[in-house]
Amino acid sequence: MAEPSKVIHIRNVGHEISEADLLQLLQPFGAISKLVMLRGKNQALLQMQDINSSVSALQYYSGVQPSVRGRNVYMQFSSHQELTTDQSSHARNSDQESEPNRILLATVHHMLYPITVEVLHQVFKAYGFVEKIVTFQKSAGFQALIQYQSRHEAVEALGVLHGRNIYDGCCQLDIQYSNLSELQVHFNNDRTRDFTNPSLPTEQRPRPSQQVFPDPGGLFSFQQPGGPYSQMGRAATIAAAFGGTLPTGVTGTNERCTLIVSNLNTDKTDGDKLFNLFSLYGNIVRIKVLHNKPDLALVEMADGFQAELAVHYLKGAMLFGNKLDVNYSKYPSITPAPDANDYINSGLNRFNTNVVKNYRHCCAPTKMIHVSALPQDVSEDALVAHLSEHGSVIGTKLFEVKGKRQALVLFASEEEATEALVSKHASALEGNTIRISFSQMQSL
């Protein structure tokens with residue numbers, strides 16, 4: 001197998017498959033920097049923004065056959081570690097390239113939310129005075145022309161925003177220079193706007209009554225990547241992470257945040273072990289094991305989506321010999337109290353950063369765990385010794401991603417892997433605090 005690379009080599013790319021199709025296939029795993037279509041060979045080269053994203057993509061598609069427009073495509077790491085600018089299909093050949101211009105043409109890929117003039121203005125105004133915006137729908141998808149006051153403002157905006165997402169996890173910008181010299185705007189509405197002439201008529205256009213999408217204030221912050229999770233649409237994040245649709249059985253409409261977990265092993269289960277398990281599906285606010293019924297616990301999660309994911313994936317899971325029953329509680333929250341474990345400010349909550357990546361890895365318990373934050377010189381023997389008290393280790397595989405030591409560990413059963421995860425996540429191994437999650441990989 002080729003060494004991990006940011007560049008993914010895609011084969012069997014038929015003429016009916018467009019750049020946008022490939023972007024939608026891989027964009028849920030992270031930002032895409034460059035894309036080269038090798039039409040004569042039915043192949044493509046696609047560069048992710050970082051190697052973690054490409055590793056995650058190939059890890060996922062090793063167990064799921066990627067298909068585009070009814071055609072199976074095949075992926076592997078490329079021998080290229082980086083695509084040069086002149087290789088990229090987003091950097092046009094000199095005989096085709098438009099000269100830098102104060103008007104930009106932006107195409108929005110993987111558009112899970114409607115994009116309006118107000119949304120585009122908030123994104124682009126950070127780089128200069130935006131005079132006019134015109135939006136329209138073409139065969140390539142939703143497009144917009146953005147006119148700046150000066151050319152250098154447009155150059156800066158293209159350099160920063162090309163390949164970035166308007167919302168975290170979706171609505172990726174593909175930007176090039178337009179060959180127009182001036183935009184003609186006749187109305188100020190949600191499709192066109194002349195910011196230099198606010199007196200233009202509106203030409204009111206009725207909007208669908210049920211359409212709901214984020215307030216422009218909820219845009220992903222380009223100036224502060226990884227901004228607060230609350231700033232973006234939760235449903236879009238989950239959908240983007242799972243390739244555009246929610247997992248089967250997840251509605252995305254639940255608003256109840258507190259869960260009741262029953263049939264716990266009272267001798268071996270405590271709040272911290274439940275935190276290690278339930279934090280795979282969202283941030284944890286509080287956990288309370290009931291003293292009068294110690295086989296029951298309340299788990300309060302940060303929002304209803306995360307609670308629904310936990311119910312979906314953990315109902316019926318085996319933990320310490322008992323089959324868990326996970327349901328929604330009648331209590332809206334857990335009242336702070338000495339007997340309630342408070343995790344709201346815990347640095348171990350996984351969804352404070354890398355939200356899309358964490359949703360993408362959500363799954364029911366598996367036999368395989370992924371261990372990260374390992375010491376650089378850790379041995380397989382040391383890793384097995386640290387975990388084997390929880391079950392039979394069938395095999396291990398140590399590897400590095402971006403210079404960081406990680407491992408896959410295969411147990412004989414899902415229950416053993418679950419016990420290892422709840423017991424050893426955030427434990428110390430040779431001075432490092434290791435992190436553990438379930439892996440969707442089927443074999444080592």
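Is phenylalanine 320 buried or exposed? I looked this up before anything else in the predicted model. Phenylalanine 320 is buried, since its relative accessible area is 9%, and the limit for that class is under 20%.

**Entry 1. Backbone at phenylalanine 320 and lysine 402**

I noted the background first: most residues other than glycine have a negative phi. Phenylalanine 320 is not a glycine, yet I read a positive phi of about 50 degrees for it. I located phenylalanine 320 in the loop that runs between strand S16 (318-319) and strand S17 (322-323).

I then turned to lysine 402, a residue other than glycine whose phi is also positive, near 55 degrees. Lysine 402 sits in a loop as well, the one between S21 and strand S22 (404-411). Its relative accessibility is 59%, so I recorded lysine 402 as exposed, the threshold being over 50%.

**Entry 2. The protein as a whole**

I counted ten helices and 25 strands in the secondary structure. The protein has 444 residues, of which 53% count as buried. For the accessible surface I recorded about 20600 Å², with 48% of it belonging to carbon and sulfur atoms. I also looked up the sequence range of the contacts: among those between residues at least 6 apart in sequence, 72% join residues at least 24 apart.

**Entry 3. Nonpolar cores**

I looked up the largest nonpolar core and found 51 residues in it. Phe278, Tyr281 and Ile369 are the members with the most contacts inside this core. Helix H7 (residues 304-314) supplies the largest share of the core, namely six residues. I also recorded a second core, separate from the largest one, with 30 residues. Leu22, Leu58, Met368 and Met441 are included in this second core.

**Entry 4. Helix H2**

How many of the eleven residues of helix H2 (residues 51-61) are buried? I found eight, so H2 is largely enclosed by the rest of the structure. The buried residues of H2 are Ile51, Ser53, Ser54, Val55, Ser56, Ala57, Leu58 and Tyr61. Leu58 also appears in my note on the second core. I traced what the buried residues of H2 pack against: strand S1 (7-11), helix H1 (19-26), strand S3 (43-48), strand S6 (74-77), helix H8 (355-360) and S21.

**Entry 5. Helices H6 and H10**

I examined the pair formed by helix H6 (residues 271-278) and helix H10 (residues 414-424), whose axes come within 8 Å and cross at roughly 115 degrees. I recorded the crossing of H6 and H10 as right-handed. On the H6 side the contact is made by Lys273, Asn276 and Leu277, and on the H10 side by Thr418, Leu421, Val422 and Ser423. I classed the residues of this contact as three nonpolar, three polar and one charged.

**Entry 6. Serine 279**

I next looked up serine 279, in the loop between H6 and strand S14 (284-289). Serine 279 counts as buried because its relative accessibility is 0%. Setting aside residues up to four places away in sequence, I found that serine 279 touches Ile284, Arg350 and Phe351. I also checked serine 279 against methionine 301: the two are 22 residues apart in sequence, with a C-alpha to C-alpha distance of 8.5 Å.

**Entry 7. Three buried residues in strands**

Which residues does glycine 395 contact beyond its neighbours within four places in sequence? I listed Leu408, Val409, Leu410 and Leu444. Glycine 395 belongs to strand S21 (residues 393-401), and its relative accessibility of 15% makes it buried. From glycine 395 to alanine 412 I noted 17 residues in sequence and 9.4 Å in space, C-alpha to C-alpha.

I found glutamine 147 in strand S9 (residues 141-148). Glutamine 147 is buried, as its relative accessible area is 0%. Without its neighbours within four places in sequence, I listed Arg102, Ile103, Phe129, Val130, Glu131, Lys132, Glu182 and Leu183 as contacts of glutamine 147.

I closed with serine 372, which is part of strand S20 (residues 368-372). Its relative accessible area is 17%, so serine 372 is buried. Not counting residues up to four places away in sequence, I found that serine 372 touches Arg405, Gln406, Ile434 and Arg435.

Note on methods: Residues numbered from 1 in each chain as written. Predicted model: local features only at pLDDT ≥ 70, side-chain atom pairs only at ≥ 80, totals over all residues. Heavy atoms only, no water. Core = buried A, V, L, I, M, F, W, Y, C linked by side-chain atoms within 4.5 Å. Buried < 20%, exposed > 50% of the residue type's maximum accessible area, 1.4 Å probe, protein only. Helix = DSSP H or I, 4+ residues; strand = E, 2+ residues; numbered from the N terminus. Contact = heavy atoms within 4.5 Å. Axes fitted to C-alpha atoms, helices over the stretch in contact; angles between N-to-C directions. Left-handed = near helix turned anticlockwise from the far one by under 90°. Nonpolar A, V, L, I, M, F, W, Y, C, P; charged D, E, K, R; others polar. Areas by Shrake-Rupley, 256 points an atom, 1.4 Å probe, with all protein chains shown as cover.
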